[in-house]
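Hi,

Here is the structure I promised to pass on to you. My notes on it follow just below.

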Amino acid sequence: MPIKITEENGGKTVIIQVTGKLVRADYEQIGPELDRLVQAHGRLRLMFDMVEFHGWDAGAAWADAKLSLVHFAHIERLALVGETQWQHTLAKLARPFTRAKVRYFDRADYDTASAWLNEHAPAESMR
């Protein structure tokens, strides 16, 4: 399975771990999950964790662009964690397509990425 979605902070922080190459069908999992979490929490903090990630096929790239437009204002912080130069460049390319604060972190700095993602995050409400 190339995608694993994990919720933290009561669903306000989302970690999407991807491996291999994403295809359009993968967005049938990502899209509804983000929609549900935005509906429940408003703005989210998102980590895109790229482990041996090889990009998108054409259909997935289009689905990703559409998802980015739908959630343009719903992502507060976006941490991209990767292991290659092109993934670092991806962080720079993502900035114009979101209102989120976007940062790239090398795999060795995963804990730093997580700390940045959750920095000044509102505490989970008690139920």
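Of the 127 residues of the protein chain, 36% are buried (under 20% relative accessible area with a 1.4 Å probe, protein chains only). Please keep in mind that this is a predicted model, where local features need pLDDT of at least 70, side-chain atom pairs count only at pLDDT 80 or more, and totals for chains, interfaces and linings use all residues. Residues are numbered from 1 along each chain as its sequence is written, and side-chain values use heavy atoms, with hydrogens and water left out.

As for the fold, the protein chain has four helices and five strands, counted as DSSP runs (H or I of at least four residues for helices, E of at least two for strands) and numbered from the N terminus. Their order from the N terminus is β-β-α-β-α-β-α-β-α. The radius of gyration, over C-alpha atoms, is 14 Å, close to the 14 Å from the globule rule (2.2 Å times the number of residues to the power 0.38), so the protein chain is as compact as a globular protein of 127 residues. Its C-alpha atoms fill a box of roughly 40 × 30 × 30 Å along the principal axes.

Contacts (heavy atoms within 4.5 Å) are worth a look too: among those between residues at least 6 apart in sequence, 77% join residues at least 24 apart.

One residue to click on is aspartate 35, which sits in helix 1 (residues 27–41). The C-alpha atoms of aspartate 35 and alanine 79 are 19 Å apart, with the two positions 44 residues apart in sequence numbering.

Best wishes

Technical notes
Buried < 20%, exposed > 50% of the residue type's maximum accessible area, 1.4 Å probe, protein only.
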